[in-house]
Amino acid sequence: MASSITMSSSSFPALPFSNSSCSRHRRSFRLAFASLGQKTYAPGVQVSEGNGGLPKVFLSSPHGSEAEIYLFGACVTSWKVSNGKDLLFVRPDAVFNGKKPISGGIPHCFPQFGPGAMQQHGFARNMNWSIANSEVSEEDPVVTLELKDDSYSRSMWDFSFQALYKVTLHSKSLSTSLTITNTDKNPFSFSTALHTYFSASVTGALVKGLKGCKTLNKDPDPSNPLEGEEEREIVTFPGFVDCVYVDAPKELLLDNGLGDKITIQNTNWSDAVLWNPHLQMEACYRDFVCVENAKIREVQLQPEQSWVAEQHIAVS
């Protein structure tokens with residue numbers, strides 16, 4: 001039976017994004033820690049100060065697996081199984097200042113994927129989420145993070161919403177569930193993705209399961225993707241790769257070229273994206289590939305309606 005410790009959003013400050021000075025950001029994070037220090041979390045769930053003084057959640061299972069999630073952007077930055085090997089990748093140019101999105105791990109794209117009417121990939125990765133719940137389920141630590149609209153989000157997307165992001169750490173896998181609820185009086189639409197960076201050797205990495213999918217290839221012109229069909233059983237990363245796979249299967253297999261085979265399963269993420277910047281990021285492109293679950297076509301939600309999508313990544 002799962003044990004649960006639930007906190008209302010009012011018990012943990014939302015830490016709204018601001019363009020104020022760095023000192024003000026540091027003060028906000030210190031106040032956040034004062035509040036966090038008074039909370040009791042489920043076994044295997046801890047909150048501490050991460051890079052740049054940003055609050056992070058640390059999950060540890062009795063099987064030896066670990067994960068780290070920053071409240072800024074609700075970004076999972078580390079996932080390790082018992083051998084201690086990190087299966088996710090954070091870019092060396094990642095900035096932990098509470099202003100720029102964290103470059104790496106599993107960033108959120110919401111309520112927009114890619115370029116569009118608002119900033120690249122939307123605002124969810126630029127905002128501070130709060131801890132809504134922590135629990136233990138069958139010995140596995142679970143944390144649920146929450147994001148609600150504020151003046152910053154409404155300056156770009158004038159709707160009221162709630163996002164809940166549930167992260168569960170298992171012995172050899174990591175599960176996430178994203179729930180978007182329309183709390184506005186008007187309908188809205190959005191696109192979204194989990195922009196997952198996997199540690200990899202780019203020359204040896206390959207993905208299976210995409211043959212037959214419709215493709216939108218953003219190479220060479222991201223603003224005018226070329227439509228096609230994937231004919232390969234095995235997709236590799238020989239150079240710059242930026243390709244959307246429409247109506248992708250519910251399971252893909254990533255061989256990261258480092259000795260790990262990672263199964264990527266999903267429910268209700270209808271599309272997949274492969275990305276590697278190649279020489280555009282010469283310092284680190286050899287060390288990662290992105291295999292993303294996405295919802296490229298817009299989801300329409302009426303007031304009080306919710307949309308849920310799940311991801312399960314497992315290593316063998």
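User: Happy to start with one ring: is Phe 188 buried or exposed?
Analyst: Phe 188 has 3% relative accessibility. Buried means under 20% relative accessible area, exposed over 50%, and partly exposed in between (1.4 Å probe, protein chains only). At 3%, Phe 188 therefore counts as buried.

User: Good to know! What average pLDDT does the protein have?
Analyst: This is a predicted model, where local features need pLDDT (the predictor's confidence in each residue, from 0 to 100) of at least 70, side-chain atom pairs count only at pLDDT 80 or more, and totals for chains, interfaces and linings use all residues. Residues are numbered from 1 along each chain as its sequence is written, and side-chain values use heavy atoms, leaving out hydrogens and water. Of the residues, 88% score at least 70, and the protein's average pLDDT is 90.

User: Over which residues is the pLDDT below 50?
Analyst: The stretch in question has 62 contacts (heavy atoms within 4.5 Å) in the model beyond near neighbours in sequence. Where pLDDT is low, the predicted coordinates should not be read in detail. The pLDDT is below 50 over residues 1-35.

User: Back to Phe 188: how is its ring pair with Phe 159 classed, stacked or tilted?
Analyst: Rings of Phe, Tyr and Trp (its six-membered ring) pair if their centres lie within 6.5 Å; planes under 30 degrees apart count as stacked, over 60 as edge-to-face and the rest as tilted. There are 19 aromatic pairs in the whole structure. For Phe 159 and Phe 188 the centres are 5.5 Å apart and the planes are at 55°, so the pair is tilted.

User: How many residues apart in sequence are the parts that this pair ties together?
Analyst: Helices (H or I, at least four residues) and strands (E, at least two) are DSSP runs, numbered from the N terminus. Phe 159 sits in the loop between α2 (151-154) and β9 (161-169), while Phe 188 belongs to strand β11 (residues 188-194). The separation of these parts is therefore 29 residues.

User: Which residues does Ser 191 touch, beyond four places away in sequence?
Analyst: Ser 191 is in strand β11 and, at 7% relative accessibility, counts as buried. Not counting residues up to four places away, its partners are Cys 109, Phe 110, Pro 111, Gln 112, Phe 113, Lys 295 and Ile 296.

User: Why is Cys 109 not bonded to Cys 290?
Analyst: A disulfide is a pair of cysteine sulfur atoms within 2.5 Å, and a search of the whole structure finds zero of them. Cys 109 is buried at 1% relative accessibility. Its closest cysteine sulfur is in Cys 290, too far for a bond because the distance is 9.6 Å.

User: Which residue meets Lys 85 in a salt bridge?
Analyst: A salt bridge is a side-chain nitrogen of Lys or Arg within 4 Å of a carboxyl oxygen of Asp or Glu, and the count comes to 13. Lys 85 is partly exposed at 29% and lies in the loop between β5 (75-80) and β6 (108-109). Its partner is in the loop between β18 (251-255) and β19 (261-267), so the pair ties together parts 175 residues apart in sequence. At 2.7 Å, N to O, that partner is Asp 260.

User: Last one: which strand holds Glu 227 of the pair with Lys 214?
Analyst: The side chains of Lys 214 and Glu 227 form a salt bridge at 3.8 Å, N to O. Lys 214 is partly exposed at 38%, whereas Glu 227 is exposed at 62%. Lys 214 is in strand β14 (residues 214-217), and Glu 227, 13 residues apart from it, is in strand β15.
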